[in-house]
Amino acid sequence: MLSSVMGNYSSRGLADRYFNILDMRVYIDAHFGADEAFRNKSEWAHMAIRQTACAGRFS
């Protein structure tokens with residue numbers, strides 16, 4: 001699959017011109033990290049409150 005997406009298929013619009021497939025491992029690792037953080041309810045609540053409090057500066 002990877003070779004078909006990364007190959008020279010730009011005339012048919014199938015090439016991965018933005019290299020999304022190359023970043024897939026990082027995306028999956030981040031997803032599992034978020035899932036693990038969410039399982040720790042007290043730490044998740046702490047992070048959520050901290051992020052909400054810090055967002056006020058940008059509103």
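**Exercise 1. Is Asp-35 buried, partly exposed or exposed?**

*Solution.* The structure is a predicted model. The relative accessible area of Asp-35 is 31%. Buried means under 20% and exposed means over 50%, with partly exposed in between. Asp-35 is therefore partly exposed.

**Exercise 2. Describe the helices of the protein and the confidence of the prediction.**

*Solution.* Begin with the elements. The protein has three helices and zero strands, and from the N terminus the order reads α-α-α.

Next, consider the confidence. The mean pLDDT of the protein is 80, and 71% of the residues reach 70 or more. Helix H1, residues 2-6, has the lowest confidence, with a mean of 54. The highest belongs to helix H2, residues 24-39, at 94.

**Exercise 3. Identify the salt bridges and locate their partners.**

*Solution.* Two salt bridges are counted.

Step 1. Arg-25 is joined to Asp-29, with 3.2 Å between the closest N and O atoms. This distance satisfies the cut-off, because a salt bridge requires the nitrogen and the oxygen to lie within 4 Å.

Step 2. Arg-39 and Asp-35 form a salt bridge with an N to O distance of 2.8 Å.

Step 3. Place the partners along the chain. Arg-25 and Asp-29 are both in helix H2, four residues apart, which is about one turn of the helix. Arg-39 and Asp-35 are also four residues apart in helix H2, so about one helical turn separates them.

Step 4. Examine the accessibility of each partner. Arg-25 has a relative accessible area of 52% and is therefore exposed, whereas Asp-29, at 42%, is partly exposed. In the other bridge, Arg-39 is exposed at 64%, while Asp-35 is partly exposed at 31%.

**Exercise 4. Which residues form an aromatic pair, and how are their rings arranged?**

*Solution.* A search of the whole structure yields one aromatic pair. Its members are Phe-38 and Trp-44, whose ring centres are 5.1 Å apart and whose planes make an angle of 85°. Planes over 60 degrees apart count as edge-to-face, and the pair is accordingly edge-to-face.

The surroundings of the two rings complete the description. Phe-38 has a relative accessible area of 41% and is partly exposed; Trp-44 is partly exposed as well, at 34%. In addition, the charged end of Lys-41 sits over the ring of Phe-38, at 3.6 Å from the ring centre.

**Exercise 5. What percentage of the residues is buried, and what is the accessible surface of the protein?**

*Solution.* The protein has 59 residues, of which 3% count as buried. Its accessible surface amounts to about 5,400 Å². Carbon and sulfur atoms account for 61% of this surface.

Definitions and conventions: Residues numbered from 1 in each chain as written. Predicted model: local features only at pLDDT ≥ 70, side-chain atom pairs only at ≥ 80, totals over all residues. Heavy atoms only, no water. Phe/Tyr/Trp six-rings, centres within 6.5 Å; stacked < 30°, edge-to-face > 60°. Buried < 20%, exposed > 50% of the residue type's maximum accessible area, 1.4 Å probe, protein only. Lys NZ or Arg CZ within 6 Å of the ring centre and 35° of its normal. Helix = DSSP H or I, 4+ residues; strand = E, 2+ residues; numbered from the N terminus. Areas by Shrake-Rupley, 256 points an atom, 1.4 Å probe, with all protein chains shown as cover. pLDDT = per-residue confidence, 0-100. Salt bridge = Lys/Arg side-chain N within 4 Å of Asp/Glu carboxyl O.
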